[in-house]
Amino acid sequence: MSDDFDLLETNSNEKTEKVDVNWGKAIDTMKSKLSQEDDPEVRQKILNATLDDVVHMAEKDRTTLLDAIKDLTDYQDEVGILFEKFSSLNATEQKVIDDAQKALERARVELEDAESKPDTWWNNLWGRKSKIKKAQEELKAAEKVRAAADNKAKAMFQERIENADVQTLLSELSYKSQAAVTRLKNRELEIKEVEDKLQVAIVEATKNHTKALEKKKEVEDKLEEQYALLKQARQELEDIVDKQSAEYAQAIGKVTELEQKVEELEGLKNAYTTLAASKDSFVHKHNLTIKVLTSLRSNLQTHRAKLKSDTEERLKYYDGYIVALKARTDQEFAAILEHLGVKTDEHIGETLAAMHTASAKARQDMMDNIPVHEKVMQGVYSSYAEALQEIRAKDVDIQKNFAERYGIDMKELFEDYYKADANKPSGEGDAPEGDPKPDAGEDDLLS
């Protein structure tokens, strides 16, 4: 901060922009929701805070800021502050106002150009009047668009901040604070101008008060003379005996004339007395107004100085808050990753352990299944041997039967059969080549 920086600096040479204020119920309705945040459980919340609690607290901060900024924006309307002079518009929102303003300026220039052409029959022949009428209509349309541009930009602004994050809302609050500093300074200058005018008015009122008193004194002196002359004239009128004489009539006329002068002087005296009292009253009224305005200006200086200084500090404070929120998010992110890593380690460990256990159990099952398999195979072989035994016994019966019935010893045939090579082809290869094949007819039972 430079050495020549003055928080209370008020340059009266700066040009100020006066704003027409329509107070209405603005001050009554402008109630900040921040004042309603007294919570007896704050300490306990801090003591028992978790990262999840911070999320809810930050969201509450965002909601409170959003409500406050909406209130400020509504307050601007009620006291007649131009919206774009007290809110930070983004490029899109500002473009709505700028485009409307440029279109309005173009329409004014076009109307001036149309009206600047001389009112001659030649220009009228080429549509001078119709061009003027068209330019007037375009100007009215442009004025209408410009008048609605502020509301349109405001609606866009409100929609944007509705879902804005805390950082955007804090930036908006800081912008409004900086704009308020300028507004307060302009108001100080306006008050100072009125104070100066009232000082001049006090001097003029004092002079007029003095003049009124001087005039009153002059009138009183003249009135005193006229009272003396009137008293003398009345006495002379009483001294005249003949009430019907011309002398009496002249005396009456003289008394009447003096009474008229006295009446006029009495009126002047009352007028100057009233004027002096009025000027004296306004001297006191102006003096009181100056005291009030000076007090207000002093308070405005205090607010402006504090707001200007605090806003600069708050910008750093808010930066710290935003960074803290981001750090909280990063911390939560790291915690999530750590938790995920631990869970992944656990799952992989569980999988590996299950894999080892399953492998060991598979080995055990394999070992356990060997006796079972052998037992099964023993049963298979036993059944096989039993079947063979039954077959051989049946073969013996068949051989005996054949020998008894046909005189053929089948034992050798069966023994040859059992000794025969199972891989040696049989059937057609052993048949004589000249032996004709039987015809496949309808009487073939094996077809």
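# Helices, salt bridges and patches in a predicted model

Read along the sequence, the pattern is α-α-α-α-α-α-α-α-α. The model is predicted.

Visitor: How many helices and strands are there in the protein?

Guide: The protein has nine helices and zero strands. Helix H7 covers residues 166-239, and helix H8 covers residues 246-406.

Visitor: How much of the protein counts as buried?

Guide: Of its 447 residues, 22% count as buried. The exposed area is about 33,000 Å², with carbon and sulfur atoms supplying 55% of it.

Visitor: What makes Arg187 and Glu190 a salt bridge?

Guide: The cut-off is a Lys or Arg side-chain nitrogen within 4 Å of a carboxyl oxygen of Asp or Glu. For Arg187 and Glu190 the N to O distance is 2.4 Å, so the pair meets the definition.

Visitor: How are Arg187 and Glu190 placed in helix H7?

Guide: Arg187 and Glu190 are three residues apart in helix H7, and therefore separated by about one helical turn.

Visitor: Why are Arg187 and Glu190 called partly exposed?

Guide: Buried means under 20% relative accessible area and exposed means over 50%, with partly exposed in between. Arg187 has 22% relative accessibility, so it counts as partly exposed. Glu190 has 21%, so it too is partly exposed.

Visitor: How do you know that Arg297 forms a salt bridge with Glu195?

Guide: The closest N and O atoms of Arg297 and Glu195 are 2.8 Å apart. The limit is 4 Å, so the pair counts as a salt bridge. The pair links distant parts of the chain, with Arg297 in helix H8 and Glu195 in helix H7, 102 residues apart.

Visitor: Are Arg297 and Glu195 buried or exposed?

Guide: Buried requires a relative accessible area under 20%. Arg297 has 16% relative accessibility and therefore counts as buried. Glu195 has 5% and is therefore buried as well.

Visitor: What makes Lys261 and Glu257 a salt bridge?

Guide: The closest N and O atoms of Lys261 and Glu257 are 3.9 Å apart. That value is within 4 Å, so the definition is met. Both residues lie in helix H8, four residues apart, about one turn of the helix. Lys261 counts as partly exposed because its relative accessibility is 36%, and Glu257 is partly exposed because its relative accessible area is 43%.

Visitor: How many salt bridges does the structure hold?

Guide: The structure holds 14 salt bridges. Among them are Arg187 with Glu190, Arg297 with Glu195 and Lys261 with Glu257.

Visitor: Which residues form the negative surface patch?

Guide: The negative patch is formed by Glu110, Glu112, Asp113, Glu115, Glu137 and Glu138. Asp and Glu count as negative, so the patch has that sign. Helix H4 (91-116) and helix H6 (128-162) each supply at least two of its residues, and H4 gives the most, with four.

Visitor: What makes Glu115 accessible enough for the patch?

Guide: A patch residue needs over 30% relative accessible area. Glu115, in helix H4, has 39% relative accessibility, so it passes that cut-off. The value of 39% also means that Glu115 counts as partly exposed.

Visitor: Which residues make the nonpolar surface patch?

Guide: The nonpolar patch is made by Val372, Val376, Val380, Tyr381, Tyr384, Leu388 and Ile391, and has an area of about 660 Å². Leu388 lies in helix H8. At 31% relative accessibility, Leu388 counts as partly exposed, and the value is over the 30% needed for a patch.

Visitor: Why is Leu65 called buried?

Guide: Leu65 has a relative accessible area of 12%, under the 20% limit, and is therefore buried. Leu65 lies in helix H3 (residues 51-79).

Visitor: Which residues does Leu65 touch, not counting residues up to four places away in sequence?

Guide: Leu65 touches Val166, Leu169, Leu170 and Leu173. The C-alpha atoms of Leu65 and Glu172, 107 residues apart along the chain, are separated by 9.5 Å.

Visitor: Is Val323 buried or exposed?

Guide: Val323 has a relative accessible area of 52%, over the 50% limit, so it is exposed. Val323 is in helix H8. Its C-alpha atom and that of Gln167, 156 residues apart along the chain, are separated by 9.7 Å.

Technical notes. Residues are numbered from 1 along each chain as its sequence is written. This is a predicted model: local features need pLDDT of at least 70, side-chain atom pairs count only at pLDDT 80 or more; totals for chains, interfaces and linings use all residues. Side-chain values use heavy atoms; hydrogens and water are left out. Patches are made of residues with over 30% relative accessible area and no salt bridge: like charges are joined within 9 Å, nonpolar side chains (Val, Leu, Ile, Met, Phe, Trp, Tyr) within 5 Å. Accessible areas come from the Shrake-Rupley method with a 1.4 Å probe; for residues, only the protein chains shown count as cover. The place of a charge is taken as NZ of Lys, CZ of Arg, CG of Asp or CD of Glu. Buried means under 20% relative accessible area, exposed over 50%, partly exposed in between (1.4 Å probe, protein chains only). Contact means heavy atoms within 4.5 Å.
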